[in-house]
There are 2 protein chains.
Amino acid sequence: MKSKITEISGAINKPKGFLASGVSCGIKKNNLPDLALIVSENDSKACGVFTKNIVKGHSLQRTMNTIKSGICRAVVINSGNANACVGQKGYDDAQKMARFVADKLNISPDKVLTGSTGVIGQNLPMDKIESGVEKAISALDCSEQSGHDSQYAIMTTDTKTKEKCLLIDINGHDVYIAGMAKGSGMIHPDMATMISIITTDCNISGDLLNHSLHKVINKSFNRISVDGDTSVCDMVILLANCKAENPEITSTLSPEYFIFEEALEILCIDLAKKIAQDGEGATKLVEINVLNAKNENDAYLILQSVSKSPLVKTAMFGEDANWGRIITAMGYSGAKFDPEICDIYIGDLNVCKNGSAVNFDETLAKAILQKPEINLSIDLKQGEIKDTMWTSDFSYEYVKINGSYRS
Amino acid sequence: MKSKITEISGAINKPKGFLASGVSCGIKKNNLPDLALIVSENDSKACGVFTKNIVKGHSLQRTMNTIKSGICRAVVINSGNANACVGQKGYDDAQKMARFVADKLNISPDKVLTGSTGVIGQNLPMDKIESGVEKAISALDCSEQSGHDSQYAIMTTDTKTKEKCLLIDINGHDVYIAGMAKGSGMIHPDMATMISIITTDCNISGDLLNHSLHKVINKSFNRISVDGDTSVCDMVILLANCKAENPEITSTLSPEYFIFEEALEILCIDLAKKIAQDGEGATKLVEINVLNAKNENDAYLILQSVSKSPLVKTAMFGEDANWGRIITAMGYSGAKFDPEICDIYIGDLNVCKNGSAVNFDETLAKAILQKPEINLSIDLKQGEIKDTMWTSDFSYEYVKINGSYRS
């Protein structure tokens, strides 16, 4: 049987009817790309998920309002400046940035979403943004290179690109879904940690589009942590322009919805893991599994606590099988569990049984911890809930990067 | 007018009727001191505050039970081994350790409190503990050196001693209160981060002793953070043997109670700050003040969030006036406040006004941040509540110490 979901090469403008570009407009030094534009030829359905930080960047706040209509033609994002904490001028500038795009495309500014990522507390250089938008409009096309260019233009401290493209078979129609992300693992609140744009040509109702994004977010972007700081500019935007012409998906119970959600989940988990893996100074990707929890809340509390613990993260960097730090972080997580029946595994190696030390093989533990990807599993033996989170280790490099960020 | 509270030199056995010793029994390498004993000649009133971590060390759990009687003659503490996560044998060993002391002093084991600090998941070497207790009993006296010895015997990764002694004038009686602590700033859950013992010869009712400790804890030991991890062996024990023979303090409204609580607060804040200052790899003590909060909870949430943020802490290490990280940490703290009216100060320098950037003097900011003690102030302008917390910066050294702790 033919697989319903296939990974293919391609960028954010792979789905039909999407165009993209990324240019340098002079916000960043050394002519680095810093302005990205993604345009749909027709009105797209649009939804988003935004930071819960009560301090919010001005470009993001504007988008939170604008997206309420559920319709979008273009997304414009600058990097190098977060457009945050600068007062009324910040809102005015976000609106201006949208209007630059709208005027050129001859559409309403209400159909243009805005995003900014970079240093907090500085005004956007609007002359540069204006000429940058002109350049970006001219560069718009559906070539893979232009798609990659838009990825480069939203990156800040990222050391790797984060892109994924999938082809889905829905009722015999070729449906594309593509995503890109920036962020070194939620570790840069002053740099608007994390932005992701996802495009699809799938024909799906606006309600279901929104439903799928919220559901998938909790298994992907809400399951990564680098230092637990959440940014003022975090956002994930999902656009669907329906150009694949599959029959509209209108029910969460339909097999077509199921396959769409599955593809979106594969895509988002992949992007989220790429962010965790690219955590500042990260040398390892750490996957943490909680097994057999009594309820979802307890599982999540434990995951958050363990994945944020600087002591667990430095132990991973030091390749030290120090499970005492894991059980300690579980203990102060706020989750209810019985420490005297839980087991802990590093990879497949059982290091703690029923809350007590196991006489394990340290050489074997070291070998597991030396790998670039590490699995930690915590079996609570109290129920049937399973949850997973990804984090990175804490290295010297992390301190170096973050000790002198603005200079 | 003569001051009612005077700082004097002295150690934990300065208050009348207290004896102390610290010896090496071979748990730690290189004959380092690892067993401390504090004894009161008569029955002391006793109270304690213990970790909220649901995983608890066995020696600590035993003490939580034993102290319910409110009476104590001796406290025995070993360092180098946390006696945690080893199952039933851990409880049995804690009980044995108490019995070794009780037998020698010819008292009930129920009057002996136990503490252990060190690596999790290893059994206590009971033969070493037994001979250690014998040595410690022989070494018991009221000399200042023996007091200091007991301080050394509870230290683990501490690089500095943490002791304080005060003389209080209560109704013309000389009342002494002395404290010692170990801990590199709540950063070592697997090392039982933080233990403090406080002794006084004050005559005070058991209820008020307990009341004073709980009140003062929230202004001192509960106001320090190094990395937000809370240990399985944290405890603070307060003993009062009444030997000063002042008239018993029985009312929280009496001037005598007021002066006692004030002295206890001075002592505990001093010990707490010494712990934060000695945070692993710390190069700076950072005091964070929240001003004019609407309520205590919001003030505390903001303090906790800012003082735990790895990004704020690395910025302090890097002497970078990156207030964007401070407002970001405030924003995700869970506290309710209006980000558009709050001000932020680094030392006396206003860097953010009404939630927006101020064009401040970077050279002046750098000069403030280069000092070993830094003040950050956050004015919420929403009420009248003030609160303070202490933390340390995050350095390369922190990663180094914690990356290879067990080896």
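**Notes on the salt bridges of chain A**

1. Both A:Asp387 and A:Arg223 are buried (under 20% relative accessible area with a 1.4 Å probe, protein chains only; exposed is over 50%, and partly exposed lies in between). Their side chains meet in a salt bridge, 2.9 Å from N to O. A:Asp387 sits in strand E16 (residues 385-392) and A:Arg223 in the loop between H5 and E9, so far along the chain as 164 residues apart. Here a salt bridge is a side-chain nitrogen of Lys or Arg within 4 Å of a carboxyl oxygen of Asp or Glu, while helices (H or I, at least four residues) and strands (E, at least two) are DSSP runs numbered from the N terminus.

2. A word on the basis: this is a predicted model, where local features need pLDDT of at least 70 and side-chain atom pairs count only at pLDDT 80 or more, while totals for chains, interfaces and linings use all residues. Residues are numbered from 1 along each chain as its sequence is written, chains are lettered from A and ligands numbered from 1 in the order written, and side-chain values use heavy atoms, leaving out hydrogens and water.

3. A:Lys219 and A:Glu265 also form a salt bridge, with the closest N and O atoms 3.3 Å apart. A:Lys219 lies in the loop between helix H5 (206-217) and strand E9 (224-225), and A:Glu265 in helix H6 (residues 255-277), so the pair ties together parts 46 residues apart in sequence. A:Lys219 is partly exposed at 37% relative accessible area, and A:Glu265 is partly exposed at 22%.

4. A network of salt bridges links A:Glu7, A:Lys164, A:Asp270 and A:Lys274. Over all chains, the count comes to 34 salt bridges.
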